[in-house]
Amino acid sequence: MTEQGLPATGREWHLAARPQGWPDPADFALVEAPVRQPGPGEITVRNAYLSVDPYMRGRMNDVPSYVPPFALGAAMDGGAVGHVVASNVEGFRVGDAVLHGLGWREYATLDAAHAVKVDPELAPLSAYLGVLGMPGLTAYAGLLEVASFRAGDTVFVSGAAGAVGSLVGQIARLKGAKRVIGSAGSAEKVATLVDDYGFDAAFNYKDGAVAELLAPLAPDGIDVYFDNVGGEHLEAAIGALRVHGRATLCGAIAQYNDVDAPAGPRNLALAIGKRLRLQGMLVGDHSALRGQFLEEVGGWLRDGSLRYDETVVEGVENTAEAFIGMLRGANIGKMVVQI
Ligand SMILES: NC(=O)c1ccc[n+]([C@@H]2O[C@H](COP(=O)([O-])OP(=O)(O)OC[C@H]3O[C@@H](n4cnc5c(N)ncnc54)[C@H](OP(=O)(O)O)[C@@H]3O)[C@@H](O)[C@H]2O)c1
């Protein structure tokens, strides 16, 4: 075994209570826990960046889903990147940078089969949680594979200043969209979409009814809707979709903290006459696309044609605040915690 000398304890986040509606900092507890030496086949990682993602809100509810709920009083998990500090397995050395699933903590001891090495020369480590990671693949697969994007399409994406949405709009642009329209929750984000990411038009959904804000920006309708938000956004997009339009149902963040039954879309029956294809997606189904995704998106990063932003919160003790901030829209691009 090789090691750098492990500390006796490290800090990890526990779910202290299941949030009712919007999560509160008191629903989370930062706990000092022993750092376990790696057993056979295992490595210990000092995490450098933790990911906070919208799907984690669903895991805080005690309901069956495609990922199991977080257990109360136990360490939470999620995407993280860091450096190996102890290894008990061939092929992983102290100092290697790895991506793995035991985030929300400073130190993680895990089966090396559940970690992948990442190249810090190719991109900053945090990029493997965003543009070159799960959100990046979600954008790439969701637009190109699920929505069957074609050059000449007019594309509307909601949550457009976030980790997934900011890439959907730019990939559509790079792949020859006729027009790219985005929505986001502040004037600053709207300016970023147009000025930095090359969207043709964008609006702040807090300025009025989504359908009324979208209509003048998409006078000929839209061919593709990439839905990160659900509810009123999806209803407006169904109204704007042209015949044979396609929608990727990627997320419904407007409803994640709702305690009452969700609003709309009330016009889902329009999908019939318009012969729409509305397709849900889970990024995990698209891992076969990962090689192509890394090659193409990595190339766009190298030649500067794709931009990405990160909102970096400092300190493991601020992870819960970062998560809640992300739900409220405090991020442009991917929200990560640097520890
Ligand atoms: N299906 C999959 O496999 C998959 C994989 C990854 C992500 N997703 C989904 O994709 C979506 C985006 O994820 P992400 O990681 O890129 O997060 P993100 O967009 O970086 O962060 C979440 C953003 O949601 C926006 N938001 C919050 N409440 C809203 C509301 N009521 N109406 C409209 N926007 C609201 C906020 O921005 P504003 O300031 O603009 O409000 C916030 O910044 C989420 O729905 C997520 O669940 C799905």
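Visitor: What makes a residue count among the 26 that surround the ligand?

Guide: A residue is near a molecule if one of its heavy atoms lies within 4 Å of it. The closest are K189, Y205, Y256, V283 and N331. This is a predicted model, in which local features need pLDDT of at least 70 and side-chain atom pairs pLDDT 80 or more, while totals for chains, interfaces and linings use all residues. Residues are numbered from 1 along each chain as its sequence is written, and side-chain values use heavy atoms, without hydrogens and water.

Visitor: Why is the pair formed by K189 and the ligand called a polar contact?

Guide: A polar contact with the ligand is a pair of N or O atoms within 3.5 Å. An N or O atom in the K189 side chain is 2.6 Å from an oxygen atom of the ligand, so the pair meets the definition. For Y205, a polar side-chain atom lies 2.5 Å from a ligand oxygen.

Visitor: How do you know whether S183 is buried or exposed?

Guide: Buried means under 20% relative accessible area, exposed over 50% and partly exposed in between (1.4 Å probe, protein chains only). S183 has a relative accessible area of 0%, so S183 is buried.

Visitor: What makes a group of residues a nonpolar core?

Guide: The members are buried Ala, Val, Leu, Ile, Met, Phe, Trp, Tyr and Cys residues joined through side-chain atoms within 4.5 Å. The largest such core has 47 residues, of which L143, L193 and V297 touch the most other members. Helix 2 gives the largest share, six residues. A second, separate core of 20 residues includes M76 and V316.

Methods
Helices (H or I, at least four residues) and strands (E, at least two) are DSSP runs, numbered from the N terminus. A polar contact is a pair of N or O atoms within 3.5 Å; within protein, one must be able to donate a hydrogen and the other to accept it, and residues adjacent in sequence count only if both atoms are side-chain atoms.
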